[in-house]
Amino acid sequence: MINRDLVIVGGGPAGLSAAKIAIDAGMKVTIVERFNQLGGQLIKQTHKFFGSQLQYAKTRGFDIANILIDDLAGYDNLEILLDATCVAMYPDKVLTIYQNNKYMKYKAKSVIIATGASEKFLAFENNDLPGIYGAGAVQTLMNIYGIKPGKEVVMIGSGNIGLIVSYQLIQAGVKVKALVEAASKVGGYLVHAAKLKRLGVDILLNTTVKKAIGKEKLEKVVTVKLDDNWQEIANTEKEIKTDALCISVGLSPLHQLMSMAGAKMLDVSELGGYVPKKSCDYETTIPNVYACGDVTGIEEASSAMVEGKITGLMAVKHLGFKLDNMEKLEADLNDQLCILRQGPCGEKIRCGLKKVGEIYD
Amino acid sequence: MSKKDIIICRCEDVSLADIHKALDMGYRDFESIKRILRVGMGPCQGQTCSNLIKNEIARYNKVHPETVKTHKIRPLVSGVVLKDIAESKDE
């Protein structure tokens with residue numbers, strides 16, 4: 001059994017931000033990351049971030065990942081496990097980690113769950129044809145491995161991921177034949193949608209995908225119009241020729257570790273699915289187990305980084321470690337989160353967080 | 001619409017037709033459907049299909065999806081070779 005003050009599961013923006021605070025306070029920390037490099041989704045994000053300078057606005061996602069990773073260099077109280085999956089968490093904070101066919105047990109005084117989220121899937125005819133991808137897979141192929149998913153693509157979903165990945169596809173020389181959205185308006189920021197419009201992308205609102213057609217692989221997509229009650233309207237089917245279909249219809253939190261350890265979980269649609277009930281200290285119902293980032297509700301990397309710092313700080317505080325100006329730092333971070341969640345774009349997340357007990361007014 | 005061509009659980013190759021048939025046979029909750037169709041028991045452990053199945057159960061029982069429970073999560077979250085567990089020296 002390997003003993004640690006803190007084990008952080010997930011090396012994305014939330015986990016890395018939490019680690020920095022904890023190692024600065026002198027905690028003995030392990031980060032467990034499933035992929036072969038740190039950074040989470042940031043490493044696939046080629047666009048510049050919006051928002052505040054505090055969360056690296058105007059910097060590209062993969063550059064933010066490098067900043068966060070560089071911040072962790074030179075600490076001998078930090079262990080980073082790559083290609084390592086935390087396969088289980090038990091109520092006594094024993095974690096089993098599987099890395100290169102090695103099965104290891106860690107006993108943690110505190111745990112931060114920063115596992116992120118996975119993509120939601122869509123049910124339509126022939127949805128298992130080769131050529132049908134999730135938006136995350138498309139980003140991984142293009143931006144990590146330099147591989148185009150197809151010559152042409154139809155994008156399903158107009159949230160920020162759907163909009164940004166469409167733009168990246170165009171940048172990579174792929175023709176975006178249509179962007180399909182079931183709702184009556186675009187889900188993501190208008191500035192991204194406007195960019196696609198200017199590039200001549202057909203944005204089809206009140207529309208969904210009815211079926212995929214193809215023998216060995218995807219050849220055509222059939223779309224259909226929806227009425228106000230999300231029902232298909234007869235005789236509005238349209239065929240679009242394409243060799244790739246990209247699904248971007250939202251994410252759901254990777255809640256499994258907390259669920260299996262017996263933390264109280266809540267199903268909150270605004271947050272993407274099962275999320276942990278948390279105290280105002282970001283602690284789950286299992287003492288000294290904290291959660292931050294997308295696993296506590298689907299948001300953006302900017303808020304994941306701030307949440308990561310807060311949970312790092314809570315782990316430091318609860319185990320009796322110290323940092324300079326801890327109270328001021330905590331107040332500042334909470335203010336930053338409130339600012340990030342202001343305005344109409346933050347409405348959904350505010351509504352969801354109210355259901356788990358965090359109050360934003 | 002060909003329900004047998006709509007794949008709900010990719011890991012265990014379960015279609016919408018299979019889910020509807022199970023519901024019609026009286027299996028009305030996730031755990032029961034899991035036991036006869038193996039949904040949620042493959043490599044992704046239900047991370048892909050659970051939302052879709054939850055919605056189908058809600059529609060069939062005419063309740064809100066947030067009130068439908070999905071399957072119980074148990075260790076481990078992904079496949080581990082038994083030999084590797086046996087050979088781990090940890091106590």
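Colleague: How many residues does each chain bring to the contact between chain B and chain A?
Modeller: In this predicted model, the contact draws on 31 residues from chain B and 36 residues from chain A.

Colleague: And what area is buried between chain B and chain A?
Modeller: The buried area comes to about 2,700 Å², and carbon and sulfur atoms account for 53% of that area.

Colleague: How many salt bridges go across that interface, and where could I look for one?
Modeller: There are 2 salt bridges across the interface of chain B and chain A. One you can look for is the pair A:Asp267 and B:Lys54, whose side chains meet with a distance of 2.7 Å from N to O.

Colleague: Which elements of chain B supply the side that touches chain A?
Modeller: On the side of chain B that touches chain A, at least two residues each come from strand 1 (7–9), helix 3 (50–61) and helix 4 (82–87) of chain B. The largest share belongs to helix 3 of chain B, which supplies 3 residues. If you sort the residues of this side of chain B by class, you get 14 nonpolar, 8 polar and 9 charged.

Colleague: How many residue pairs are in polar contact between chain B and chain A?
Modeller: The count is 14 residue pairs in polar contact, with both residues of each pair at pLDDT 80 or more.

Colleague: Changing topic, how many cavities of 30 Å³ or more are there?
Modeller: The count comes to 2 cavities of 30 Å³ or more. The largest cavity holds about 120 Å³ of space, and 16 residues line the largest cavity, with A:Ser252, A:His255, A:Tyr274, B:Ser50 and B:Asn51 being the closest to its centre.

Colleague: Which elements supply the lining of the largest cavity?
Modeller: Both chains take part, since at least two residues each come from strand 16 (251–253) and strand 18 (273–276) of chain A and from helix 3 of chain B. Helix 3 of chain B gives the most to this lining, with 3 residues, and helix 3 also provides the largest share of the side of chain B that touches chain A.

Colleague: How does that lining divide by class?
Modeller: The lining of the largest cavity has 12 polar residues, 3 nonpolar residues and 1 charged residue.

Colleague: What about the second largest cavity, which residues line it?
Modeller: The second largest cavity has a volume of about 40 Å³, and its lining is made of A:Leu54, A:Gln55, A:Tyr56, A:Met305, A:Val306, A:Lys309 and A:Gln336. Helix 7 (residues 301–318) of chain A provides the largest share of this lining, 3 residues. By class, the lining of the second largest cavity has 4 nonpolar, 2 polar and 1 charged residues.

Colleague: And the second largest pocket, what is its volume?
Modeller: The second largest pocket has a volume of about 350 Å³. Among the 14 residues that line this pocket, those closest to its centre are B:Lys69, B:Thr70, B:His71, B:Lys72 and B:Ile73, and its lining divides into 5 nonpolar, 5 polar and 4 charged residues.

Colleague: Where is there a cis peptide bond?
Modeller: The cis peptide bond joins B:Pro75 and B:Leu76, with omega at about 5°, and B:Leu76 sits in the loop between helix 3 and helix 4 of chain B. It is worth a look because most peptide bonds are trans.

Colleague: What is the phi of A:Tyr282, and where is that residue?
Modeller: A:Tyr282 has a positive phi of about 65°, although this residue is not a glycine. You will find A:Tyr282 in the loop between strand 18 and strand 19 (289–291) of chain A.

Colleague: Last one, how many salt bridges are there over all chains?
Modeller: A search of the whole structure finds 21 salt bridges. One of them pairs A:Glu237 with A:Lys210, where the closest N and O atoms are 3.6 Å apart. This pair links distant parts of the chain, 27 residues apart, with A:Glu237 in the loop between strand 13 (220–225) and strand 14 (238–241) of chain A and A:Lys210 in strand 12 (residues 207–213) of chain A.

Technical notes: Residues are numbered from 1 along each chain as its sequence is written. Chains are lettered from A and ligands numbered from 1 in the order in which they are written. This is a predicted model: local features need pLDDT of at least 70, side-chain atom pairs count only at pLDDT 80 or more; totals for chains, interfaces and linings use all residues. Side-chain values use heavy atoms; hydrogens and water are left out. On a 1 Å grid over the protein atoms alone, a cavity is a set of points where a 1.4 Å probe fits but cannot get out, and a pocket is an open set with protein on both sides within 12 Å along at least five of seven lines; lining residues have an atom within 4 Å of a point. Grid points are joined across faces, edges and corners, and a volume is the space filled by probe spheres set on the points. Ala, Val, Leu, Ile, Met, Phe, Trp, Tyr, Cys and Pro count as nonpolar, Asp, Glu, Lys and Arg as charged, and the others, Gly among them, as polar. Contact means heavy atoms within 4.5 Å. Buried area is the accessible area (1.4 Å probe) that two parts lose on being put together, summed over both. A salt bridge is a side-chain nitrogen of Lys or Arg within 4 Å of a carboxyl oxygen of Asp or Glu. A polar contact is a pair of N or O atoms within 3.5 Å; within protein, one must be able to donate a hydrogen and the other to accept it, and residues adjacent in sequence count only if both atoms are side-chain atoms. Helices (H or I, at least four residues) and strands (E, at least two) are DSSP runs, numbered from the N terminus.
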